[in-house]
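These exercises ask you to read a structure step by step, beginning with its interior and ending with the contacts of one side chain. Try each task before you turn to the worked solution.

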Amino acid sequence: MRQYIVDAFTDKIFGGNPAAVCIFDKFPADDLMQKIAMENNLSETAFIVKDGEKFKLRWFTPAVEVDFCGHATLGAAYVILNLIEPNLKFAEFETLRGKLIVTKNENLLEMDFPAYEVKKVPVTAEMSEAIGAEVLEAYLSRDLLLVVDSAETVEKLQPNLEKLAKLDGLTQAVTAAGKDFDCVSRVFAPKVQVPEDPVTGSTHCLIAPYWAEKLGKKKLKARQASKRGGILYCEILGERVKISGQAALFAVSELKI
C-alpha cells in the first residue's frame, strides 16, 4: 500500500506539520493502523478509503485514534486533489466528526470545519505552573486554550509536559495576540504522546473563534510558533470555521504489510 508524507500549512518541505497519508481499498484492522501510526511516529497518520464519490478518513496518533485532525486532513486532501484525482475541485470526507469538505482555492486548500464552542473556565495556579507563564484567561472545549500576555511569551514557553498532561483538554494550546499576525499559538498534546504539535488545524477551531470575537473581525491570519512553524488562514462563518493553508509533498513510499 502506498503512503505519502505531506508537510501541511507550509509551502516548502521541512516546515509546517508533517502527516502520513495512507491509501487503502478498505480499512485494515484498527490494531494495524495503530501500529503504522506508531511506526511513523508523526503527530497523526491519516487513513483513506474511497467510498463512491466520497472518501472515508480516520486519524491515528502514535498512541490513539482521534476524532478530528486538521493538518492530516489538509495532507489527505493534498494527496487526493493533486496526486490521486487532480481533476477534482474538492474532496468530501466522512469522518468521526461527520462530513468535512476541502476545496481548492487558488494556491490554498480550504477546509470547512465545525467551530468549537468557546466556554470560559476559571484560571488555576496549575495552569500557570504547567506552562511556566501567567495565564490571563482559560477556555475549554475538546482542547484547553490558555491566553497569555504576548507573542514573545508564547514563543519562549518551556512547559512542564507532565503537569500539562494533568490539565483538562485533549491538547493544551497557549495563545496571544500577534504583531505581524492576528494571533500566535503553540499546541501541546502529551496525553496522546505528542509533546508539541508543529501546526494544529483542529485546535484553531477554538483559537480562531476566540480571536475573532476579541478582535472584532471574521478573517484572521494565524501563526503557530513551533520550531517548524506554520501559517493558517481562518474565517469564521457562524458555527463553522474555514481554515486554509498550503502543503508540500516530502516523500512517497510503499508499505510492506
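**Exercise 1. The cavity lining**

How do the residues of the lining of the largest cavity divide into nonpolar, polar and charged?

Solution. Keep in mind from the start that the model is a predicted one. A search of the whole structure finds 1 cavity of 30 Å³ or more, and the volume of the largest cavity is about 140 Å³. Of the 19 residues that line this cavity, the closest to its centre are Glu-44, Arg-142, Thr-171, Asp-197 and Thr-200. The elements that give two or more residues to the lining are helix H2 (70–84), strand E13 (183–189) and strand E14 (194–197). Sorting the lining residues by type then gives 8 nonpolar, 8 polar and 3 charged.

**Exercise 2. The cysteines**

Work out why the sulfur of Cys-183 has no bond to the closest cysteine sulfur, and find whether Cys-183 is buried or exposed.

Solution. The cut-off needed here is that the two sulfur atoms of a disulfide lie within 2.5 Å. The closest cysteine sulfur to that of Cys-183 belongs to Cys-234 and is 6.6 Å away, which is too far for a bond. With a relative accessibility of 1%, Cys-183 counts as buried. Over the structure the count of disulfides comes to 0, and Cys-22, too, is in no disulfide, the nearest cysteine sulfur being that of Cys-69 at 13 Å. Cys-22 counts as buried, its relative accessibility being 0%.

**Exercise 3. Salt bridges along the chain**

Take the salt bridges of Arg-58, Glu-85 and Glu-137, and for each one name the partner and the parts of the chain that the pair links.

Solution. As background, side chains of opposite charge can pair when their charged atoms come close. The structure holds 19 salt bridges, and the three pairs can be taken in turn.

- Arg-58 pairs with Asp-30, and their closest N and O atoms are 3.0 Å apart. Arg-58 is in strand E4 (residues 54–60) and Asp-30 in helix H1 (residues 30–40), so that the pair links distant parts of the chain, 28 residues apart. Arg-58 counts as buried at 16% relative accessibility, whereas Asp-30 is partly exposed at 41%.
- Glu-85 pairs with Lys-50, with 2.6 Å between the closest N and O atoms. Because Glu-85 lies in the loop between H2 and strand E6 (90–95) while Lys-50 is in strand E3 (residues 45–51), this pair ties together parts that are 35 residues apart in sequence. Lys-50 is partly exposed, with a relative accessible area of 44%.
- Glu-137 meets Lys-120 in a salt bridge of 3.9 Å, N to O. The pair links strand E10 (residues 137–140), which holds Glu-137, with strand E9 (residues 119–121), which holds Lys-120, 17 residues apart. Glu-137 counts as buried at 14% relative accessibility, but Lys-120 counts as exposed at 56%.

One further step concerns shared partners, since salt bridges of this kind join Asp-30, Arg-58 and Glu-65 into one network.

**Exercise 4. The contacts of Asp-182**

Which side chain does a polar contact of 2.8 Å join to that of Asp-182?

Solution. Begin by placing Asp-182, which lies in the loop between strand E12 (172–177) and E13. Asp-182 has a relative accessible area of 17%, and because buried means under 20%, Asp-182 is buried. The side chain joined to that of Asp-182 by the polar contact of 2.8 Å is that of Lys-217. In addition, a polar atom of the Asp-182 side chain lies 2.8 Å from the backbone nitrogen of Lys-221.

Conventions
Residues numbered from 1 in each chain as written. Predicted model: local features only at pLDDT ≥ 70, side-chain atom pairs only at ≥ 80, totals over all residues. Heavy atoms only, no water. 1 Å grid on protein atoms, 1.4 Å probe; cavity = no way out; pocket = protein on both sides within 12 Å on 5 of 7 lines; lining within 4 Å. Points joined across faces, edges and corners; volume = space filled by probe spheres on them. Helix = DSSP H or I, 4+ residues; strand = E, 2+ residues; numbered from the N terminus. Nonpolar A, V, L, I, M, F, W, Y, C, P; charged D, E, K, R; others polar. Buried < 20%, exposed > 50% of the residue type's maximum accessible area, 1.4 Å probe, protein only. Salt bridge = Lys/Arg side-chain N within 4 Å of Asp/Glu carboxyl O. Polar contact = N/O pair within 3.5 Å; in protein donor to acceptor, adjacent residues only side chain to side chain.
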